[in-house]
Amino acid sequence: MKLDVNALRYLTKDDFRVLTAVEMGMRNHEIVPAELVDRIAGLKHGGTYKVLRNLLKNKLVHHDATKYDGYRLTYLGYDFLAIKTLVNRGVFASVGRQIGVGKESDIFEVATEDGTVLGMKLHRLGRTSFRAVKSKRDYLRH
């Protein structure tokens with residue numbers, strides 16, 4: 001999944017609260033039940049389910065109803081939580097283009113408030129697309 005930081009601009013505080021609730025629930029559950037997400041997030045007026053629909057639309061969480069009705073974070077959801085944390089800490093202010101893609105990570109250009117350009121490396125644990133390496137590398141195509 002390609003990182004689209006434009007969606008990050010439109011996420012609200014409640015969206016990040018529910019994303020954090022799903023992440024906290026994933027410490028003890030592979031798939032976090034919707035009731036637990038609602039309890040951890042603690043949004044007023046039962047707004048958790050509306051927020052979960054929005055997060056599903058943006059592919060930040062994945063809905064799974066095989067064993068029971070629940071959610072888990074996607075790579076994109078983890079990326080957004082990490083970027084939001086780093087921006088709140090003042091490490092950088094903006095995310096630019098993608099510099100590179102490796103077997104286990106993606107690298108992006110980021111900029112600080114004063115315009116200094118840095119690199120941000122997002123690790124991908126469990127990526128198993130080693131069979132398609134030749135088609136993904138431009139220097140191995142021919």
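Trainee: Which residue stands opposite Val117 in strand 6?

Mentor: In this predicted model, Ala111 stands opposite Val117.

Trainee: What makes strand 5 (105-111) and strand 6 (117-123) a pair?

Mentor: Two strands pair if at least two bridges are found between them. Strand 5 and strand 6 are joined by 7 bridges, so they satisfy the criterion of at least two. The two strands run antiparallel.

Trainee: Why is one side of strand 4 (94-101) and of strand 6 left without a neighbour in the sheet?

Mentor: The open sheet of 3 strands has the order 4-5-6. Strand 4 and strand 6 stand at its edges, and because each has a single partner strand, one side of each is left without a neighbour. From one strand to the next, the twist averages 30 degrees.

Trainee: How do you know that helix 2 (residues 13-25) meets helix 5 (residues 75-89)?

Mentor: Contact requires heavy atoms within 4.5 Å. Phe16, Leu19, Thr20 and Glu23 of helix 2 meet residues of helix 5, including Phe80 and Leu81. By class, this contact has 5 nonpolar, 2 polar and 2 charged residues. The helices pack at an angle of about 115 degrees, with axes 11 Å apart.

Trainee: What makes Leu19 and Phe80 part of a nonpolar core?

Mentor: Such a core consists of buried nonpolar residues joined through side-chain atoms within 4.5 Å, and buried means under 20% relative accessible area. Leu19 and Phe80 belong to the largest core, of 32 residues, and are among those with the most contacts inside it; therefore both count as buried. Helix 2 supplies the largest share of this core, 5 residues.

Technical notes. Residues are numbered from 1 along each chain as its sequence is written. This is a predicted model: local features need pLDDT of at least 70, side-chain atom pairs count only at pLDDT 80 or more; totals for chains, interfaces and linings use all residues. Side-chain values use heavy atoms; hydrogens and water are left out. Axes are lines fitted to C-alpha atoms, for helices over the stretch in contact, and angles run from 0 to 180 degrees between N-to-C directions. Helices (H or I, at least four residues) and strands (E, at least two) are DSSP runs, numbered from the N terminus. Ala, Val, Leu, Ile, Met, Phe, Trp, Tyr, Cys and Pro count as nonpolar, Asp, Glu, Lys and Arg as charged, and the others, Gly among them, as polar. Buried means under 20% relative accessible area, exposed over 50%, partly exposed in between (1.4 Å probe, protein chains only).
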